[in-house]
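Take a walk through this model with the sequence at hand. We start with a sheet and end inside a cavity.

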Amino acid sequence: MAIVAACGSKEERLPMLSDQPSSPVQELQDRRHWSGPTLANGVLTSELAEFCQSGLSIVLASRDGAGRPVVGRGLACIIDADGRVRVVFRDPPNAALHRAIASGAPIAATFTRPSTHRSIQLKAPRAELVRSAPPDGPSAILQTRAFADELVRAGYPARFAAAYTRFEPHELAAFAFLPENAFVQTPGPSAGSALTP
């Protein structure tokens, strides 16, 4: 079976997604049995860190001074050897999120792969706005391209995927945080459970 996408005057047949849907139960089992390296004081496995940096949907959440929810969207994620998470985002459309982070509000970042619905959320009591750094631009290009490809594989038109992931270099901003908790947010039984050893 194939998804048919219109491409000019001819049709392009896209294979149906071969990736199996992710499962919260399997995610929890994998974490409990993980024996490899960890980061952020054991909150992240090296596999989770790699997943978060692989070109995904990045949804950000915080709260304003009145306690109202604030949401935003990230472009890329860079995780250092200590597990510190750096999120690159477009500043203009995320002004409310920028203000929330500047005020010391808590942060939640959710990383999702549409083709499998695998979804991981990282939380911290605060994040820090940081200066733009040389890796930000290349990481944003690489990861938004990967996410655009993911959207096309999921059946969205390439033009939509390109517009959704578009950014201008001068718009880039970043914040960093050390995650204190990780949760599986993949739909299904046990969604929302903490990812712990």
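What follows treats the sheet and then the enclosed space.

The model is predicted. Begin with the strands. Eight of them make up an open sheet. Reading across, the order is S10-S11-S7-S6-S5-S8-S9-S12, with antiparallel pairing. The sheet has two edge strands, S10 (128-130) and S12 (181-184). Each of these pairs on one side only. From one strand to the next, the twist averages 35 degrees.

Now look at the S10 edge. Strand S10 is joined to strand S11, residues 172-177, by three bridges. The two strands run antiparallel. Within this pair, Glu-128 stands opposite Ala-176 in S11.

Next, the interior. Rolling a probe the size of a water molecule over the atoms shows where empty space is left. How many cavities of 30 Å³ or more does the count give? The count comes to one. The largest cavity holds about 50 Å³ of space.

Which residues line the largest cavity? They are Leu-56, Ser-57, Ile-58, Arg-73, Gly-74, Leu-75, Thr-144, Phe-147 and Thr-165. Strand S5 (57-63), strand S6 (69-79) and helix H4 (136-153) each supply at least two residues of this lining. The largest share comes from S6, with three residues. By class, the lining has four nonpolar residues, four polar ones and one charged.

The sheet and the cavity thus share elements. S5 and S6 both appear in the strand order of the sheet, and both contribute to the cavity lining.

Terms used
Residues are numbered from 1 along each chain as its sequence is written. This is a predicted model: local features need pLDDT of at least 70, side-chain atom pairs count only at pLDDT 80 or more; totals for chains, interfaces and linings use all residues. Side-chain values use heavy atoms; hydrogens and water are left out. Two strands pair if DSSP finds at least two bridges between them. Helices (H or I, at least four residues) and strands (E, at least two) are DSSP runs, numbered from the N terminus. Axes are lines fitted to C-alpha atoms, for helices over the stretch in contact, and angles run from 0 to 180 degrees between N-to-C directions. On a 1 Å grid over the protein atoms alone, a cavity is a set of points where a 1.4 Å probe fits but cannot get out, and a pocket is an open set with protein on both sides within 12 Å along at least five of seven lines; lining residues have an atom within 4 Å of a point. Grid points are joined across faces, edges and corners, and a volume is the space filled by probe spheres set on the points. Ala, Val, Leu, Ile, Met, Phe, Trp, Tyr, Cys and Pro count as nonpolar, Asp, Glu, Lys and Arg as charged, and the others, Gly among them, as polar.
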